[in-house]
Amino acid sequence: MSTSLAEKVRPAGVACEEFDVLIIGAGISGIGSAYHLHTQCPDKSFVVLESKARFGGTWDTHTYPGVRSDSDLYTFGYRFKPWVGPPIATSQAIKAYLNDVIEENGLDSHIRYQTEISRCTWSSEENRWTVETRNADGTPGTTYRCNFLWMCSGYYDHKNPHLPDWPGMADFKGRLVHAQTWDKDLDYKGKNVVVIGSGATAATVIPAMADDAAHVTMLQRSPTYFFCYPNKSELADRLRLIGVDDETVHRVVRLEYLHNLKMLDRRSREEPEIVFDELKELIRQYAGEDFEFEPHFTPSYRPWQQRLAFIPDGDMFTKIREGKVSAVTDRIDHFTADGIKLESGDELKADVVIAATGFNLLMMGGIEFVVDGKPVDWSQTTTYRGMMFTGVPNLAWVFGYFRAAWTLRVDLVGDFVCRLLQHMADKGASKVEIAIPPALANEPKLPWIEDDNFNPGYLMRDLAKLPKRLGDRSEWRHNQNYWLEAEEIPATDLDGPEFRYN
Ligand SMILES: Cc1cc2nc3c(=O)[nH]c(=O)nc-3n(C[C@H](O)[C@H](O)[C@H](O)COP(=O)(O)OP(=O)(O)OC[C@H]3O[C@@H](n4cnc5c(N)ncnc54)[C@H](O)[C@@H]3O)c2cc1C
């Protein structure tokens with residue numbers, strides 16, 4: 001009898017377990033995917049493998065003051081689980097929601113924590129993935145075997161945030177903390193705080209620190225668009241008042257948010273100046289009628305080219321009006337003992353500096369992949385809908401939306417993968433692979449996303465590491481258009497020329 005791959009790679013004494021499907025990651029994607037698999041393919045055995053000690057992913061990693069969503073939870077929540085709180089939610093509320101999904105569906109017994117995947121090896125002889133893991137103490141963990149890998153490992157490195165290497169950082173006598181690796185004992189009471197960055201994280205941490213700090217300065221290289229709005233849904237409140245049940249409220253309010261988002265998306269492209277005027281008007285309601293937008297709040301790109309930072313109840317602008325927060329647009333020249341010297345020659349005095357400078361992209365959780373003896377270089381693969389990849393069989397990746405809520409795609413991909421698994425079972429196939437049909441062989445292989453479509457720093461820095469898209473065909477790219485995909489993905493012909501089974 002030939003030796004299986006798992007027997008070859010498994011260190012002596014390490015256990016091996018076998019499942020139909022392995023889900024990698026217990027963040028909002030992994031929990032949603034587990035729900036879909038559990039409910040749509042009840043005969044499939046599966047576990048969710050998670051390197052952390054807890055579920056939640058992003059919502060477990062980020063612990064800075066005020067941490068909250070910037071999408072409404074009617075769309076950032078799942079299609080199947082009603083959201084009942086205020087639209088913009090704290091990380092505690094999101095974790096409580098995820099906890100309910102786990103408990104209500106008996107998913108806890110399927111999650112294996114403190115299990116970090118180090119290598120996934122596909123064998124076409126066995127039609128199996130062999131998945132090697134590490135325990136929290138670094139020792140080799142259980143080896144797993146499965147037929148299908150469902151990657152829900154997110155898109156960034158949870159351990160190493162993006163922190164530019166500014167000159168003189170070591171000279172700074174105050175505290176420098178990255179928002180992603182927050183120190184819960186950081187004392188900023190009565191101190192001068194500089195927050196570097198102007199995205200959603202900065203816009204969250206700044207108002208949350210403003211009342212305790214002496215002053216908070218937002219230091220940005222360039223301005224961002226902000227969308228200020230009360231953190232409530234009048235429609236949801238009204239429907240609840242007249243006795244409509246939670247499921248219906250969730251469905252209807254979700255449709256309203258999707259409709260509004262679609263209009264905003266379209267109008268941002270067609271009439272960006274008018275949209276900006278409207279965003280300004282909303283800001284004035286919190287910052288005051290005479291609020292000066294130049295030079296710190298007039299972005300050079302069009303609205304929606306980067307994620308619009310939502311400011312619930314305009315809190316950051318209220319703090320600006322109260323004089324507790326100010327903005328500076330400049331570049332860091334170097335750190336000094338007392339703060340930051342800027343390229344303009346000005347100096348910002350600081351006791352505490354918070355780097356809200358974003359993420360490092362991490363493709364597939366940093367896991368080494370090998371297919372039939374050859375290491376996978378993701379940048380050499382081509383993506384089918386940002387979900388599957390040429391040359392990598394029996395694997396799907398959940399990469400959500402940037403402009404719309406990430407989780408909308410968790411539900412769409414969940415339905416797709418479950419349908420694909422069922423289709424394979426019906427055909428008696430153990431392997432599915434994506435291949436570019438001969439008719440498209442001459443289409444150009446282009447970067448994952450075009451930079452005039454969506455261009456946040458973490459994507460642009462590492463675009464070359466990501467798989468390629470094929471021309472501008474919607475099925476051969478991650479096209480960021482929920483409305484198109486909501487029609488196209490469920491209608492996919494699984495016997496189309498791009499799917500190969502055996
Ligand atoms: C502060 C903050 C706020 C955000 N707010 C929003 C928002 O409002 N709306 C929105 O759409 N998006 C938002 N995002 C983007 C957000 O990251 C995603 O929407 C979503 O939470 C990602 O979920 P995920 O489960 O795919 O990935 P993650 O949350 O990154 O979870 C991935 C999980 O996989 C695990 N994992 C990774 N690699 C391995 C491995 N090798 N072995 C085992 N386990 C592994 C990780 O430990 C982690 O638990 C926000 C991001 C941040 C940082």
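Which element gives the largest share of the shell around the ligand? In this predicted model, that share comes from α2, with three residues. The shell holds 33 residues in total, and the closest to the ligand are G25, G27, G57, G154 and G365. The elements that contribute two or more residues to this shell are α2 (28-40) and β4 (115-123). Its composition by class is set out below.

| Class in the shell around the ligand | Residues |
|---|---|
| Nonpolar | twelve residues |
| Polar | 17 residues |
| Charged | four residues |

Helix α11 covers residues 407-427, and because each of its 21 residues should add 1.5 Å, a span of 30 Å is expected, which agrees with the 30 Å between its end C-alpha atoms. Among the buried residues of α11 are T407, L408, R409, V410, L412 and V413, and also G414, F416, V417, L420 and L421. The cover over these buried residues includes α2, α4 (73-76), β6 (143-151), β21 (395-397), β22 (432-434) and α13 (482-488). After α11 comes G428, which has a positive phi, near 75°.

The largest nonpolar core has 123 residues, of which L22, L149, W150, M151, V195 and I206 touch the most other members. The element that gives the most to this core is α11, with eight residues, and the core draws at least three residues from each of domain 1 (3-158 + 361-501) and domain 2 (169-355). Leaving aside residues up to four places away in sequence, W150 touches V21, L22, I23, S33, A396 and V417; of these, V417 is also listed among the buried residues of α11.

Note on methods: Residues are numbered from 1 along each chain as its sequence is written. This is a predicted model: local features need pLDDT of at least 70, side-chain atom pairs count only at pLDDT 80 or more; totals for chains, interfaces and linings use all residues. A residue is near a molecule or strand if its C-beta atom, placed from the backbone, lies within 6 Å of it. Helices (H or I, at least four residues) and strands (E, at least two) are DSSP runs, numbered from the N terminus. Ala, Val, Leu, Ile, Met, Phe, Trp, Tyr, Cys and Pro count as nonpolar, Asp, Glu, Lys and Arg as charged, and the others, Gly among them, as polar. The expected span of a helix is 1.5 Å times one less than its number of residues. A residue is buried if 20 or more other C-beta atoms lie within 10 Å of its own, exposed if 12 or fewer, and partly exposed in between; C-beta atoms are placed from the backbone. Two residues are in contact if their C-beta atoms, placed from the backbone, lie within 7 Å. A nonpolar core is a set of buried Ala, Val, Leu, Ile, Met, Phe, Trp, Tyr and Cys residues joined through C-beta atoms within 7 Å. Domain bounds come from an automatic or database domain assignment.
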